[in-house]
Amino acid sequence: MTQPPEADASTVNGATAEDADWQIFRGDGRKRSVTIPEAPPWRRFADADGTAARRDTPPHYVIGRAETDVINAAIHLRRPLLVTGHPGTGKSSLAAAIAHELDLGPVLHWPVNSRSTLQEALYRYDAVGRLQESNIHRSADGPRPGIGSFLRLGPVGTALVPSARPRVLLVDELDKGDVDLPNDLLTVFEEGAFEIPELSRLPEEQADIEVLTADPHQRARVTRGLVRCTQFPLVVITSNGERDFPPAFRRRCLPLHLADPDETRLRQIVEGHLGAEALAEAGDLVQAFLAQRALGELATDQLLNAVFLRHGGARLDADGLLKTVLHRLNADG
């Protein structure tokens with residue numbers, strides 16, 4: 001097969017020397033060893049040693065005084081925050097911002113979908129695993145693993161473990177769950193406690209059992225099968241408005257609506273995530289984003305994607321970048 005002629009070193013498959021950092025994939029079929037660029041801050045999940053790199057140290061969260069007043073009221077009243085707003089307005093990342101600023105440890109995250117149940121958010125008991133383990137140890141010497149090794153608290157259950165300081169619990173997109181889920185959750189929040197029947201039925205000599213938690217490699221002591229908080233967690237419940245919640249549930253939550261950020265706040269968000277240098281390059285992108293958002297729903301992180309590409313060397317104008325990363329969130333297809 002005839003090999004294609006060598007292209008000019010300065011223009012390979014349409015890419016110039018200036019595009020070297022941006023044009024990682026060139027579509028010319030030639031194998032090459034390249035350095036993969038650093039990911040955006042919001043797409044970094046772990047450092048080289050495996051420790052969390054993204055949610056534990058979030059960038060500066062841009063929020064107004066009116067919103068912080070609602071958050072502080074929820075903290076003082078020990079009431080859940082019910083956070084609404086368009087996608088990309090920072091509903092979910094609010095929980096990380098609170099946990100980071102108040103030094104309350106990693107966020108306990110419960111992503112809700114149509115199959116979610118309160119049971120799984122409280123705890124899971126691996127009865128099959130315990131039976132299999134018992135069969136394995138039946139003819140072997142040594143102690144058998146206790147029931148606590150087969151019972152793990154979920155994010156809601158872990159948030160209610162007694163502690164000196166409250167945890168931050170994110171119940172994400174509760175409106176996607178079953179219609180009865182808000183009232184089920186409300187019952188637990190009002191009691192600040194729940195029972196684990198598999199433990200409460202144990203004999204008195206097994207009153208205290210250590211169980212696994214939603215925190216990696218961490219255990220909690222449960223007495224007589226009852227988990228009751230000493231500090232009610234800081235609960236952030238997000239909703240995209242897919243359906244309404246029961247009045248009793250809404251009455252016990254503090255509503256917080258996050259509006260689409262204006263130009264000033266957009267610029268603060270860009271600088272907080274990507275720095276002043278990236279912001280200085282993004283003036284036309286911010287204006288183009290605002291113009292397109294006026295025509296239909298867009299998310300702030302779409303603007304951040306465009307600014308990140310521009311700052312990383314993408315040789316595209318504002319329209320080209322926005323066409324690459326923007327799409328209507330309320331359009332079909």
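Where does Arg-78 lie? The points below take up that residue and a few others in this predicted model.

1. **Arg-78.** Arg-78 sits in the loop that runs between α1 (65–77) and β3 (81–84). Its backbone deserves a look. Phi of Arg-78 is near 55°. That is a positive value, and the residue is not a glycine. Arg-78 counts as partly exposed, because its relative accessibility is 41%.

2. **Glu-173.** Here is another loop residue with a positive phi: Glu-173 has a value near 60° and, again, is not glycine. The loop in question lies between β7 (168–172) and α6. Is Glu-173 buried or partly exposed? The relative accessibility is 25%, so Glu-173 counts as partly exposed. The cut-off for buried is under 20%.

3. **Aromatic pairs.** How many aromatic pairs does a search of the whole structure find? The search returns 2. In one of them, Phe-189 meets Phe-232 edge-to-face. The ring centres are 5.7 Å apart, and the planes make an angle of 85°. An angle over 60 degrees is what earns the edge-to-face label.

4. **What the Phe-189 pair joins.** Phe-189 belongs to helix α6 (residues 181–191). Phe-232 is in the loop between β11 (226–228) and β12 (234–239). The two parts are 43 residues apart in sequence, so the pair ties together separate stretches of the chain. Both Phe-189 and Phe-232 are buried.

5. **Phe-245 and Phe-249.** These two rings also form an aromatic pair, and this one is tilted. Centre to centre, the distance is 5.3 Å. The planes stand 55° apart. That angle falls between the limits of 30 and 60 degrees, hence the label tilted. How accessible are the two residues? Phe-245 has 6% relative accessibility and therefore counts as buried. Phe-249 is at 0%, so it counts as buried too.

6. **Cysteines.** How many disulfides does the count come to? The answer is 0. The rule asks for a pair of cysteine sulfur atoms within 2.5 Å. Two cysteines can still be placed by accessibility. Cys-229 counts as buried because its relative accessibility is 16%. Cys-253, at 7%, counts as buried as well.

7. **Where to look.** For backbone geometry, inspect Arg-78 and Glu-173, each with a positive phi. For ring packing, view the edge-to-face pair of Phe-189 and Phe-232, then the tilted pair of Phe-245 and Phe-249.

Notes: Residues numbered from 1 in each chain as written. Predicted model: local features only at pLDDT ≥ 70, side-chain atom pairs only at ≥ 80, totals over all residues. Heavy atoms only, no water. Phe/Tyr/Trp six-rings, centres within 6.5 Å; stacked < 30°, edge-to-face > 60°. Helix = DSSP H or I, 4+ residues; strand = E, 2+ residues; numbered from the N terminus. Buried < 20%, exposed > 50% of the residue type's maximum accessible area, 1.4 Å probe, protein only.
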